[in-house]
Amino acid sequence: MKKALALFFIAFVYQGAYSQEKYTPTKENLEARASFQDAKFGMFIHWGVYSILADGEWVMQNQDIPIDRYELLPTFFNPIDFDAEEIVRLAKDAGMKYITITTKHHDGFAMYDSKVSDYNIVDATPYGKDIFRMLEQECKKQGIKLFAYYSQLDWHHPDYFPRGWTGRKTGRPEAGNWSAYLDYQNAQIKELAENYDIAGFWFDGWWDQAPDKEEWHKRVEYRIEGIDWNLEKTYKMIHDVNSKLLVGNNHHELPFEGEDFQMFEKDLPGKNTTGFGGADIGSLPLETCETINHSWGFNLQDGKHKSVKDLITYLVKASGNNANFLLNIGPMPNGKIQDEHKERLKAIGEWLQVYGEIIYGSRQGSVSVEDKLVSTRKGDKLYLHVLESSGEELLISDFDHKIKKATFFKDKTAVSFKLKKGVLKLIIPENKKEEIDTVIEITLK
């Protein structure tokens, strides 16, 4: 309870700071939100010059690499095997409806043709091509929406000062102009909004300057004073360019004024297995993101890939918690995707060819049993996703519906059931159980 009150207080303080003028989404924005909520499944791509070092996207921080050494990486970043058509096709065949890619991660390097800074893939690498533009064009061809991940945290820019919790050993002088950095950040964000056909922004890094983050205090000696990100100005600028652009921010708090969806990192909404989650769930569309192995950016030594069953189960649980699932791949330095990731995406796509209609466009159902069952709903159809069961009898208490009929979704055969005083008893013979998800379709009266 104390933690919940603390989170509410922090969110209230920051929302108060940023919301001098109430944000009213346009009709086009609300339609975009609904479309986003219907999509259910997207591809996350973490890719940058850090992939060369094959130690994840935080390698600059984790190995304390100073800027003058890190700047050598772009000079030999030449991903000649990058194939935008193949990546978008991979996403589409997996049943994904949108792609979110890192246009700038915490290392400050832009993976698009930025006119604000020449520290970008076009001007600073032998490759010299705008991979974000190539993805934009392919997404338009193949009917996939494109989102821009943008890190507000920047370990490279000298004016990112005062320093936050991270990036303190990159060799920058302990001086800078915070307002100048915000102008730089907003200029890059504006050029992305104006010059690329995107569906919205996925922001990250706000937490680097959050003053009362317990989990950071446990790990680092520094304490910082709260600074003003002036998110209201940034968000208004985006919506002024195009009101239907969606804005989300991975700040691990309740949504702030001007945001259009709420995301959760490596956790289902409201859960806190990571130690930095646990934010209350707001009223906006939801999204949760997760990795196929354990790393976001390419990590040569991370071969612990989640199983197809685990990934599909997570997709189902996300849908049953009213959230989209943004599943990450980390391309290798040459631009190729690991075979293990391709294989898993292909298998998920095959599963969605059968079960996609109960995932896409669905909303959270009224029934759930921790780790065993979630439900989705579309109209008068309630879909029970039985993920784990022992024996043939399944009991669900507090079932507040009347049932017209119940069938197994896959073969449409009848399910034996009895509903009495709010307790629903279903019989699921062993030969009807699916390896991943046994779906029972209930038509409600």
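**Exercises on a predicted model**

In this predicted model, A406 stands opposite I442 in β16.

**Exercise 1.** Work out which strand pairs with β16 over five bridges, and place both in their sheet.

*Solution.* Begin with the pairing itself: β13 and β16 (residues 438-444) run antiparallel to one another and are joined by five bridges. Next, widen the view to the open sheet, whose five strands follow the order β9-β10-β11-β16-β13 with antiparallel pairing. The edges of that sheet are β9 (363-364) and β13 (403-408), each of which pairs on one side only. Finally, add the helix α10 (residues 308-320), which packs on the sheet by touching β9, β10 (373-378) and β11 (381-386), its direction making about 60 degrees with that of β10.

**Exercise 2.** Determine how the buried residues of α5 are arranged around its axis, and what covers them.

*Solution.* First list the buried residues of helix α5 (residues 84-93), namely A84, I87, V88, L90 and A91. Because these residues cover an arc of only 155 degrees around the axis, they lie on the same side of α5. Their cover includes β1 (41-45), β2 (98-104), α6 (131-142) and α11 (339-355). Then inspect the ends: D83 caps the N-terminal end, with a side-chain oxygen 3.1 Å from the backbone nitrogen of E85, while G95, just after α5, takes a positive phi of about 90 degrees.

**Exercise 3.** Decide whether P285 is buried or exposed, and describe its surroundings.

*Solution.* Locate P285 in the loop between β6 (262-265) and β7 (286-291). Its relative accessible area is 7%, which is under the 20% limit, so P285 is buried. Beyond its neighbours within four places in sequence, P285 is in contact with R33, F36, Q37, D260, F261 and Q262.

How values were computed: Residues numbered from 1 in each chain as written. Predicted model: local features only at pLDDT ≥ 70, side-chain atom pairs only at ≥ 80, totals over all residues. Heavy atoms only, no water. Helix = DSSP H or I, 4+ residues; strand = E, 2+ residues; numbered from the N terminus. Buried < 20%, exposed > 50% of the residue type's maximum accessible area, 1.4 Å probe, protein only. Contact = heavy atoms within 4.5 Å. Pairing = 2+ DSSP bridges. Axes fitted to C-alpha atoms, helices over the stretch in contact; angles between N-to-C directions. Arc of directions from axis to C-beta. Polar contact = N/O pair within 3.5 Å; in protein donor to acceptor, adjacent residues only side chain to side chain.
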